[in-house]
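Me: I'd like to learn to read a fold from its contacts, strands and helices. Can we walk through an example together?

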Amino acid sequence: LKTDLDGNKPRMVVIKFMRDEEKFHNEITPRYECNLESSFVMSQLKSFSSSGASDSDQMFRDNLKKLEGVLGPDPEAFKCAFVMPKAIQNLDSIYRQERPVGVG
C-alpha cells in the first residue's frame with residue numbers, strides 16, 4: 001500500500017473505517033463521479049472493501065484482525081475503509097480559530 005500511494009516516501013494519512021457498505025459507497029462515489037475539488041473535499045488515496053476482489057481488498061480482509069486493539073473487539077465489523085491525506089486542520093479547529101462568517 002505505501003509504495004502504491006507515494007513511492008515509499010513518508011506521508012501522513014487518515015484511514016476512515018466504515019461498517020455500512022452502502023454509506024461507504026455513498027461517500028466515495030461522488031469523489032469519482034463529480035470530480036470534486038480537493039480544496040473543498042478531502043481527496044481519497046485508496047479504498048478497500050471486504051466484498052471486493054482486488055489484491056488490496058484481500059489484504060484489507062487479512063489484516064482486520066490485527067487491528068482489534070485499535071478498532072475494538074470486533075474489527076471485522078468494519079466492512080470498508082478509505083485512505084485520505086491528513087488535513088492541516090479539522091473543522092473544529094477552523095471554527096474555533098478562524099471564526100467563519102455565518103457559522104454558529
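**Reading the fold, step by step**

Reply: Start with contact range: among contacts in this chain between residues at least 6 apart in sequence, 61% join residues at least 24 apart. Keep in mind that the model is predicted.

Me: Which elements does the chain have, and in what order do they run from the N terminus?
Reply: List the elements before looking at packing. The chain holds 5 helices and 3 strands, and from the N terminus on they run α-β-α-β-α-α-β-α.

Me: In what order do the strands sit in the sheet?
Reply: Order in a sheet is read from strand pairing. Here the 3 strands make an open, antiparallel sheet in the order 1-3-2. Strand 1 (13–18) and strand 2 are the edge strands, each pairing on one side only. From one strand to the next, the twist averages 15°.

Me: How many bridges join strand 1 to strand 3, and over how many do strand 2 and strand 3 pair?
Reply: Count them pair by pair. Strand 1 and strand 3 run antiparallel and are joined by 6 bridges. Strand 2 and strand 3 (residues 80–85) also pair in the antiparallel sense, over 4 bridges. For the register, look at who faces whom: S47 stands opposite F82 in strand 3, and S49 stands opposite C80. C80 is the bridge partner of M18 as well.

Me: Why is strand 3 called largely enclosed?
Reply: Burial is the thing to check, and the cut-off is under 20% relative accessible area. In strand 3, 5 of the 6 residues are buried, so the rest of the structure largely encloses that strand. For the chain as a whole, buried residues make up 21% of its 104 residues. The chain's accessible surface is about 7,700 Å², and carbon and sulfur atoms account for 53% of that.

Me: Which helices lie across the strands?
Reply: Look for contacts first, then the crossing angle. Helix 2 (residues 21–33) lies across strand 1, strand 2 and strand 3, running at about 35° to strand 3. Helix 3 (residues 55–63) lies across strand 1, strand 2 and strand 3 too, at about 65° to strand 2.

Me: What should I check along helix 2 itself, say its span from first C-alpha to last?
Reply: Span, buried positions and ends. Helix 2 has 13 residues and reaches 18 Å from its first C-alpha to its last, close to the 18 Å expected at 1.5 Å a residue. Its buried residues include F24, I28 and R31, and the buried residues of helix 2 pack against strand 1, strand 2 and strand 3. At the N-terminal end, D20 acts as the cap, with a side-chain oxygen 2.8 Å from the backbone nitrogen of E22. After the helix comes N35, whose phi is positive, near 50°.

Me: Now a single residue: is S49 buried or exposed?
Reply: Compare its relative accessibility with the cut-off. S49 is at 9%, so it counts as buried. This serine is part of strand 2 (residues 46–49).

Me: And what does S49 touch, leaving out residues up to four places away in sequence?
Reply: Make the neighbour list, then pick out the polar pairs. S49 touches E21, D57, F60, R61, K79 and C80. With E21 there's a polar contact of 3.0 Å between the two side chains. C80 on that list is also the residue opposite S49 in strand 3.

Terms used: Residues are numbered from 1 along each chain as its sequence is written. This is a predicted model: local features need pLDDT of at least 70, side-chain atom pairs count only at pLDDT 80 or more; totals for chains, interfaces and linings use all residues. Side-chain values use heavy atoms; hydrogens and water are left out. Helices (H or I, at least four residues) and strands (E, at least two) are DSSP runs, numbered from the N terminus. Buried means under 20% relative accessible area, exposed over 50%, partly exposed in between (1.4 Å probe, protein chains only). A polar contact is a pair of N or O atoms within 3.5 Å; within protein, one must be able to donate a hydrogen and the other to accept it, and residues adjacent in sequence count only if both atoms are side-chain atoms. Contact means heavy atoms within 4.5 Å. Two strands pair if DSSP finds at least two bridges between them. Axes are lines fitted to C-alpha atoms, for helices over the stretch in contact, and angles run from 0 to 180 degrees between N-to-C directions. Accessible areas come from the Shrake-Rupley method with a 1.4 Å probe; for residues, only the protein chains shown count as cover. The expected span of a helix is 1.5 Å times one less than its number of residues.
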